[in-house]
Amino acid sequence: EARVRAGRPPSSVVGVTGLPVTPEVRRLREQGVLDRLPMFERITPDGVAWADGRFVAADMILWCTGFRAAIEHLAPLRLRGAGGGIVMDGTRVAADERIHLIGYGPSASTVGANRAGRAAVREIRALLDSAAVLD
(Lines give C-alpha, C1' and ligand atoms only; values in the text may rest on other atoms or scores of the structure.)
Protein backbone atom coordinates (compact mmCIF):
# COMPACT_ATOMS: atom_id res chain seq x y z
CA GLU A 1 0.00 0.00 0.00
CA ALA A 2 2.82 2.40 0.83
CA ARG A 3 4.33 1.86 -2.63
CA VAL A 4 1.18 2.84 -4.56
CA ARG A 5 0.39 5.73 -2.22
CA ALA A 6 3.85 7.06 -3.10
CA GLY A 7 3.29 6.53 -6.84
CA ARG A 8 5.72 3.63 -7.21
CA PRO A 9 4.76 0.46 -9.09
CA PRO A 10 3.32 -2.24 -6.85
CA SER A 11 5.38 -5.28 -5.97
CA SER A 12 4.17 -8.65 -7.20
CA VAL A 13 1.60 -10.47 -5.09
CA VAL A 14 3.92 -13.45 -4.71
CA GLY A 15 6.82 -11.17 -3.79
CA VAL A 16 4.79 -9.65 -0.96
CA THR A 17 2.72 -12.60 0.27
CA GLY A 18 4.60 -15.65 -0.97
CA LEU A 19 3.07 -18.49 -2.94
CA PRO A 20 1.93 -21.33 -0.72
CA VAL A 21 2.77 -24.79 -1.95
CA THR A 22 -0.03 -26.91 -0.58
CA PRO A 23 0.10 -30.71 -0.58
CA GLU A 24 -2.31 -30.64 -3.53
CA VAL A 25 -0.07 -28.31 -5.54
CA ARG A 26 2.99 -30.43 -4.71
CA ARG A 27 1.14 -33.61 -5.83
CA LEU A 28 -0.02 -32.00 -9.10
CA ARG A 29 3.53 -30.82 -9.83
CA GLU A 30 4.88 -34.33 -9.19
CA GLN A 31 2.23 -35.77 -11.53
CA GLY A 32 3.22 -33.31 -14.25
CA VAL A 33 -0.21 -31.64 -14.26
CA LEU A 34 1.19 -28.25 -13.21
CA ASP A 35 4.00 -27.43 -15.60
CA ARG A 36 5.07 -23.80 -15.82
CA LEU A 37 5.94 -22.75 -19.36
CA PRO A 38 7.23 -19.47 -20.75
CA MET A 39 4.69 -17.10 -22.28
CA PHE A 40 3.50 -18.35 -25.66
CA GLU A 41 3.86 -16.26 -28.79
CA ARG A 42 0.42 -16.73 -30.29
CA ILE A 43 -2.99 -18.30 -29.83
CA THR A 44 -4.08 -20.64 -32.61
CA PRO A 45 -7.52 -22.15 -33.30
CA ASP A 46 -6.40 -25.34 -31.51
CA GLY A 47 -4.13 -24.11 -28.72
CA VAL A 48 -1.02 -22.00 -28.17
CA ALA A 49 2.32 -21.86 -29.98
CA TRP A 50 5.84 -20.59 -29.31
CA ALA A 51 8.38 -19.12 -31.71
CA ASP A 52 10.52 -22.27 -31.43
CA GLY A 53 7.69 -24.36 -32.93
CA ARG A 54 6.42 -25.85 -29.67
CA PHE A 55 2.63 -26.24 -29.60
CA VAL A 56 0.20 -27.14 -26.80
CA ALA A 57 -3.37 -28.07 -27.66
CA ALA A 58 -5.96 -26.26 -25.58
CA ASP A 59 -9.74 -26.20 -25.44
CA MET A 60 -9.71 -23.24 -23.08
CA ILE A 61 -7.31 -20.55 -21.91
CA LEU A 62 -7.75 -19.11 -18.45
CA TRP A 63 -5.75 -15.89 -18.51
CA CYS A 64 -4.87 -14.81 -14.98
CA THR A 65 -2.74 -11.68 -14.79
CA GLY A 66 -2.92 -11.00 -11.09
CA PHE A 67 0.73 -11.47 -10.21
CA ARG A 68 1.95 -8.40 -12.06
CA ALA A 69 0.24 -5.13 -12.82
CA ALA A 70 -0.63 -5.07 -16.54
CA ILE A 71 -1.78 -1.50 -17.13
CA GLU A 72 -0.09 -0.52 -20.38
CA HIS A 73 -3.52 0.02 -21.98
CA LEU A 74 -3.99 2.98 -19.62
CA ALA A 75 -0.92 4.81 -20.98
CA PRO A 76 -2.99 7.35 -22.98
CA LEU A 77 -4.47 8.59 -19.69
CA ARG A 78 -0.99 9.57 -18.45
CA LEU A 79 -1.61 8.33 -14.93
CA ARG A 80 1.93 7.19 -14.16
CA GLY A 81 3.99 9.54 -12.04
CA ALA A 82 7.71 10.18 -11.75
CA GLY A 83 8.15 7.06 -9.60
CA GLY A 84 6.91 4.83 -12.45
CA GLY A 85 3.66 3.87 -10.76
CA ILE A 86 0.24 5.37 -10.31
CA VAL A 87 -0.40 7.31 -7.11
CA MET A 88 -3.34 5.64 -5.41
CA ASP A 89 -5.68 6.38 -2.54
CA GLY A 90 -7.31 3.04 -1.83
CA THR A 91 -8.56 1.91 -5.25
CA ARG A 92 -8.94 5.47 -6.55
CA VAL A 93 -6.33 6.98 -8.82
CA ALA A 94 -5.23 10.15 -7.03
CA ALA A 95 -4.99 12.11 -10.29
CA ASP A 96 -8.55 11.24 -11.39
CA GLU A 97 -11.24 10.28 -8.90
CA ARG A 98 -13.29 8.66 -11.67
CA ILE A 99 -10.73 5.89 -12.15
CA HIS A 100 -10.49 2.98 -9.72
CA LEU A 101 -8.00 0.15 -10.12
CA ILE A 102 -9.28 -2.88 -8.26
CA GLY A 103 -6.50 -5.46 -8.15
CA TYR A 104 -3.67 -2.92 -8.39
CA GLY A 105 -1.28 -2.73 -5.46
CA PRO A 106 -2.56 -3.97 -2.10
CA SER A 107 -5.91 -5.07 -3.53
CA ALA A 108 -4.23 -7.59 -5.84
CA SER A 109 -5.12 -10.64 -3.72
CA THR A 110 -8.47 -12.39 -3.85
CA VAL A 111 -9.43 -11.16 -0.39
CA GLY A 112 -8.02 -7.69 -1.09
CA ALA A 113 -9.88 -7.43 -4.39
CA ASN A 114 -13.19 -8.39 -2.78
CA ARG A 115 -12.81 -5.77 -0.06
CA ALA A 116 -11.47 -3.20 -2.49
CA GLY A 117 -14.33 -3.85 -4.91
CA ARG A 118 -16.91 -3.12 -2.24
CA ALA A 119 -15.08 0.06 -1.18
CA ALA A 120 -14.75 1.19 -4.81
CA VAL A 121 -18.47 0.69 -5.43
CA ARG A 122 -19.30 2.86 -2.42
CA GLU A 123 -16.93 5.61 -3.61
CA ILE A 124 -18.16 5.46 -7.21
CA ARG A 125 -21.81 5.58 -6.10
CA ALA A 126 -21.06 8.64 -3.99
CA LEU A 127 -19.27 10.27 -6.93
CA LEU A 128 -22.20 9.54 -9.26
CA ASP A 129 -24.70 10.80 -6.67
CA SER A 130 -22.80 14.07 -6.29
CA ALA A 131 -22.59 14.46 -10.09
CA ALA A 132 -26.37 13.90 -10.36
CA VAL A 133 -26.99 16.66 -7.82
CA LEU A 134 -24.95 19.06 -9.97
CA ASP A 135 -27.00 18.29 -13.09
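**Exercise 1. Classify the partners of a salt bridge**

Task: Is Asp52 buried or exposed in this predicted model? Which side chain does Asp52 meet in a salt bridge?

Solution.
- Step 1. Take the accessibility of Asp52: the relative value is 58%.
- Step 2. Apply the cut-off: exposed means over 50%. Asp52 therefore counts as exposed.
- Step 3. Find the partner. The side chain of Asp52 meets that of Arg54 in a salt bridge, at 3.7 Å from N to O.
- Step 4. Check the distance. A salt bridge needs the nitrogen within 4 Å of the carboxyl oxygen, and 3.7 Å fits.
- Step 5. Classify Arg54. Its relative accessible area is 33%, so Arg54 is partly exposed.
- Step 6. Recall the principle: side chains of opposite charge can pair when their charged atoms come close.

**Exercise 2. Survey the other salt bridges**

Task: How many salt bridges does the whole structure hold? Which residue forms a salt bridge with Asp89, and which with Asp96?

Solution.
- Step 1. Count. The search of the whole structure gives five salt bridges.
- Step 2. Look at Asp89. Its partner is Arg92, with the closest N and O atoms 2.8 Å apart.
- Step 3. Add the accessibility. Arg92 is buried at 19%, whereas Asp89 is partly exposed at 30%.
- Step 4. Look at Asp96. Its side chain meets that of Arg98 at 2.7 Å, N to O.
- Step 5. Classify this pair. Arg98 is exposed at 63%, but Asp96 is buried at 16%.
- Step 6. Look for shared partners. Arg5, Asp89 and Arg92 are joined into one network by salt bridges that share partners.

**Exercise 3. Place a residue pair in a sheet**

Task: In what order do the three strands of the open sheet stand? Which residue in S5 is the bridge partner of Asp89?

Solution.
- Step 1. Read the order: S4-S5-S6, with antiparallel pairing.
- Step 2. Find the edges. S4 (88–89) and S6 (96–100) each have a single partner strand, so one side of each has no neighbour in the sheet.
- Step 3. Count the links. S4 and S5 (residues 92–93) are joined by two bridges.
- Step 4. Name the partner. Asp89 is paired with Arg92 in S5. Asp89 and Arg92 also form a salt bridge.

**Exercise 4. Describe an aromatic pair**

Task: How are the rings of Phe40 and Trp50 arranged? Where in the chain does each residue lie?

Solution.
- Step 1. Choose the descriptors. A pair of aromatic rings is described by the distance of the centres and the angle of the planes.
- Step 2. Count. The structure has one aromatic pair.
- Step 3. Use the values. The centres of Phe40 and Trp50 are 6.4 Å apart and the planes stand at 85 degrees, so the pair is edge-to-face.
- Step 4. Locate the residues. Phe40 is in the loop between H3 (23–30) and S1 (42–44), and Trp50 is in the loop between S2 (47–49) and S3 (55–57).
- Step 5. Classify both. Phe40 is buried at 18%, and Trp50 is buried at 7%.
- Step 6. Look over the ring. Arg54 lies over the face of Trp50, 5.0 Å from the ring centre.

**Exercise 5. Explore the core**

Task: How many residues make up the largest nonpolar core? Which residues is Ile71 in contact with, beyond its neighbours within four places in sequence?

Solution.
- Step 1. Recall the trend: in soluble globular proteins, nonpolar side chains tend to be buried together.
- Step 2. Count. The largest nonpolar core has 10 residues, among them Val4, Ile71, Ile86 and Tyr104.
- Step 3. Trace Ile71. Beyond those neighbours, Ile71 is in contact with Arg80, Ile86 and Tyr104.
- Step 4. Step back. Of the 135 residues of the protein chain, 20% count as buried.

Methods. Residues numbered from 1 in each chain as written. Predicted model: local features only at pLDDT ≥ 70, side-chain atom pairs only at ≥ 80, totals over all residues. Heavy atoms only, no water. Buried < 20%, exposed > 50% of the residue type's maximum accessible area, 1.4 Å probe, protein only. Core = buried A, V, L, I, M, F, W, Y, C linked by side-chain atoms within 4.5 Å. Contact = heavy atoms within 4.5 Å. Pairing = 2+ DSSP bridges. Helix = DSSP H or I, 4+ residues; strand = E, 2+ residues; numbered from the N terminus. Phe/Tyr/Trp six-rings, centres within 6.5 Å; stacked < 30°, edge-to-face > 60°. Lys NZ or Arg CZ within 6 Å of the ring centre and 35° of its normal.
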